[in-house]
Amino acid sequence: MSTSAAFETARKLATGLADALLPPVIRVARACADVIVPPACVACRQPLADHNMLCAPCWLKVDFIRPPLCDRLGIPLPYGTEQPLTSARAQAEPPVYDRARAVAGHAGVMRDLAHKLKYGDQHHVVPLLARLLHEAGRELLADSQLLIPIPLGRYRLWRRAFNQAAVLGQALSRRCGVPHDPMLLERPRETPSQVGKTREQRQDNVRGAFRIAEGRANEIYGRNITLIDDVITTGATIDAAARILRRAGAKRVDVLALTLVTDGGGWS
Ligand SMILES: [Zn+2]
């Protein structure tokens, strides 16, 4: 049996067991809901047996980031050992945050799902994305005390009407039980796109972009914090947010995202 077939069999068994344990009233409500909105693949809308899932062809088009990973940047490494490893890139340019993890590379189906939420306002993707974030971030979330989404500037927030990172953070918080606070970190200054800028230009671009809400720095002090974002494209943006949290005395600052640009182009 191939790995993907074995995975699919295990998933079906787990789904069947979970269904059998549901209270009857929820099973009936779910059956009614299935008639009104039949379950379909979250990405391509092909009919499926259950909600909030991907069909097998779409699942195979997700560029999952799997161990062994660089313990700091979360990028894949060609080999692993029993001990956490740090990539040459992280050693040459250590990030301000402690550890980053992401579900997948910024390509294919996972990038499309992130865009459906961010630009298409399609919130039906959120339960699946929150589940995948939970799985990719288990190591970080084990002793995390607070989830903080990377905030949008006021103009972008007004134009989009919601912050996709906060939507993901809220759904993840419900799953993992770690509190979520989308108001603690603020972005008083709009920052132009980081695309096409050098490392130094990116750092200048996001300098002073973040601040902690007035009078709330004591809520950061001594705590393990996990920043949430939809995509990690430039280390500079999350470094700038992590720097502010560190100054306020955060004990640890990790980053959890849906996608990560793993080639050299996006990183600084
Ligand atoms: Zn599909």
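**Nonpolar core, helix packing and loop residues**

In the predicted model, L133 is in contact with V103, L168, L172, L256 and L258, its neighbours within four places in sequence being left aside. L133 is also one of the residues at the centre of the largest nonpolar core, in the sense that L133, L168, L227 and A241 touch the most other members among the 63 residues of that core. The element that gives the most to this core is helix α11 (residues 235-247), with seven residues. Residues of the core come both from domain 1 (3-60) and from domain 2 (88-260), so the core lies between the two domains. In soluble globular proteins, nonpolar side chains tend to be buried together.

For the chain as a whole, the secondary structure comes to 11 helices and six strands. The chain has 268 residues, of which buried residues make up 34%. Among contacts with a separation of 6 or more, 70% are accounted for by residues 24 or more positions apart.

The contact between L133 and L168 also forms part of a helix pair. Helix α6 (residues 126-136) packs with helix α9 (residues 164-176) at an angle of about 65°, and the axes of the two helices are 9 Å apart. The crossing in which α6 passes α9 is right-handed. On the α6 side the contact is made by V126, P127, L129, A130, R131, L133 and H134, and on the α9 side by V167, L168, A171, L172, R175 and C176. By residue class, the contact of α6 with α9 divides into 10 nonpolar residues, one polar residue and two charged residues. L133 and L168 thus appear both in the helix contact and among the core residues that touch the most other members.

Several loop residues have backbone features of note. P67 and P68 are joined by a cis peptide bond, with omega about 5°. P68 is placed in the loop between α3 (56-60) and α4 (88-92). Two residues other than glycine have a positive phi: for R45 the value is about 70°, and for D121 the value is near 55°. R45 is found in the loop between α2 (24-36) and α3, whereas D121 belongs to the loop between α5 (108-118) and α6. R45 has 11 other C-beta atoms within 10 Å and therefore counts as exposed, the limit being 12 or fewer. D121 likewise has 11 other C-beta atoms within 10 Å, and is therefore exposed.

The loop between α2 and α3 also holds A43 and C41. A43 is buried, because 22 other C-beta atoms lie within 10 Å and the threshold is 20 or more. A43 and V109 are 66 residues apart along the chain, yet their C-alpha atoms are separated by 7.1 Å. V109 is also one of the contacts of A43; with neighbours within four places in sequence left aside, these contacts are L54, C58, V109, D112 and L113.

C41, with 19 other C-beta atoms within 10 Å, is partly exposed, because a buried residue needs 20 or more. The C-alpha atoms of C41 and M53 are 5.7 Å apart in space, for a distance of 12 residues in sequence. Apart from neighbours within four places in sequence, C41 is in contact with Q46, L48, M53, L54, C55 and C58. L54 and C58 are thus in contact with C41 and also with A43.

A further pairing across the sequence involves F162, which is placed in the loop between α8 (154-160) and α9. F162 has 13 C-beta neighbours inside 10 Å and counts as partly exposed, because an exposed residue has 12 or fewer. F162 is 44 residues apart from K118 in sequence, and the C-alpha atoms of the two residues are 8.7 Å apart in space.

Definitions and conventions. Residues are numbered from 1 along each chain as its sequence is written. This is a predicted model: local features need pLDDT of at least 70, side-chain atom pairs count only at pLDDT 80 or more; totals for chains, interfaces and linings use all residues. A nonpolar core is a set of buried Ala, Val, Leu, Ile, Met, Phe, Trp, Tyr and Cys residues joined through C-beta atoms within 7 Å. Helices (H or I, at least four residues) and strands (E, at least two) are DSSP runs, numbered from the N terminus. Domain bounds come from an automatic or database domain assignment. Two residues are in contact if their C-beta atoms, placed from the backbone, lie within 7 Å. Axes are lines fitted to C-alpha atoms, for helices over the stretch in contact, and angles run from 0 to 180 degrees between N-to-C directions. A crossing is left-handed if the near helix is turned anticlockwise from the far one by less than a right angle, and right-handed if clockwise. Ala, Val, Leu, Ile, Met, Phe, Trp, Tyr, Cys and Pro count as nonpolar, Asp, Glu, Lys and Arg as charged, and the others, Gly among them, as polar.
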